[in-house]
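This report concerns helix packing and charged side-chain pairs in one protein chain. Please view the sequence and the structure together while reading.

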Amino acid sequence: MKAYLDLLTRILDEGVERTDRTGIIWNEWADENGDLGPIYGHQWRSWPTPGGESIDQIERLLTGLRTDPYARRHIVSAWNVAEVEDMALPPCHTLFQFHVAPAAADDPDQRGWLSCQLYQRSADTFLGVPFNIVSYSLLTHMVAQVTDLRPKDFVHTIGDAHLYLNHLDQAREQLTRTPGPLPTLWLNPDRRDIDAFEFEDIEVRDYVAAPTITATIAV
């Protein structure tokens, strides 16, 4: 929580104002048929190969974590150069990588520790980043559970972290608030397959929400 609030403060204090392609206007990403193009789900689960087949990167990731946990290739990429121009919005979450550290020799639980690092090329710091943190932290917990590892860290690397001009007052309002106790995450321990999780298998417990701060999204 502190790291996120420090980031908001730094952007407000040190950020440089510039124009961009959005002009802080809301537009629909999807086309008239509701199609977003070959975005995250397509690239993660069905990356096309030159031979006309496809690669399920998530399944390959899980297999690698189970069979060769200390490898340095536990990577999932959404940035498919051949298809990026066909996407309604090129992936902001360009790539994420998992890392496994062994348990200490005297640790009674000898399962390894799983960390996730996300490289995000562009980040809407007020509206998007909190959701990104939560969603990738959840993914890390889910992947850890189905690979018999323990969740450790989520590392968030951002190429362009920005506050839109119509989010400045909202960011300042956020910084006036004192964070409450952090909630805890519960996952149904019976789920051992990443595709088996349902909404009811995930609970965020003891979360105390402050009043909503609304802001307009920009694309």
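The text below treats a helix pair and then a set of salt bridges. The model is predicted.

**Packing of H1 and H5**

Helix H1 covers residues 2–14 and helix H5 covers residues 168–175; their axes come within 10 Å and cross at roughly 135 degrees. Angles over 145 degrees would count as roughly antiparallel and those from 65 to 115 as roughly perpendicular. H1 and H5 are therefore oblique to each other. The handedness of their crossing is left-handed.

On the H1 side, the contact is made by Leu5, Leu8, Thr9 and Leu12, which meet Leu168, Ala171, Arg172, Gln174 and Leu175 of H5. Sorted by class, the residues in this contact are six nonpolar, two polar and one charged.

**Salt bridges**

Side chains of opposite charge can pair when their charged atoms come close. In this model the count comes to 14 salt bridges. Three of the pairs are listed here with the distance between their closest N and O atoms.

| Salt bridge | Closest N and O atoms |
|---|---|
| Arg150 and Asp109 | 3.9 Å |
| Asp169 and Arg172 | 3.4 Å |
| Arg177 and Glu173 | 3.3 Å |

The pair of Arg150 and Asp109 joins two separate elements of the chain: Arg150 belongs to strand E6 (residues 150–162), while Asp109 sits in the loop between strand E4 (93–101) and strand E5 (113–124), so the salt bridge ties together parts that are 41 residues apart in sequence. Arg150 is buried, its relative accessible area being 9%. Asp109, with a relative accessible area of 25%, is partly exposed.

Asp169 and Arg172 both lie in helix H5, three residues apart, and are thus separated by about one helical turn. Asp169 has a relative accessibility of 60% and counts as exposed, whereas Arg172 is partly exposed with a relative accessible area of 44%. Arg172 also takes part in the contact with H1 described above.

For the third pair, Arg177 counts as partly exposed at 22% relative accessibility. Its partner Glu173 is partly exposed as well, with a relative accessible area of 36%. Beyond such pairs, Asp107, Asp109, Arg111 and Arg150 are joined into one network by salt bridges that share partners.

**Summary**

The H1 and H5 axes cross at roughly 135 degrees, and the crossing is left-handed. Within H5, Arg172 meets H1 and forms a salt bridge with Asp169. Elsewhere, Arg150 and Asp109 form a salt bridge and belong to one network with Asp107 and Arg111.

Notes. Residues numbered from 1 in each chain as written. Predicted model: local features only at pLDDT ≥ 70, side-chain atom pairs only at ≥ 80, totals over all residues. Heavy atoms only, no water. Axes fitted to C-alpha atoms, helices over the stretch in contact; angles between N-to-C directions. Helix = DSSP H or I, 4+ residues; strand = E, 2+ residues; numbered from the N terminus. Parallel < 35°, antiparallel > 145°, perpendicular 65-115°, else oblique. Left-handed = near helix turned anticlockwise from the far one by under 90°. Contact = heavy atoms within 4.5 Å. Nonpolar A, V, L, I, M, F, W, Y, C, P; charged D, E, K, R; others polar. Salt bridge = Lys/Arg side-chain N within 4 Å of Asp/Glu carboxyl O. Buried < 20%, exposed > 50% of the residue type's maximum accessible area, 1.4 Å probe, protein only.
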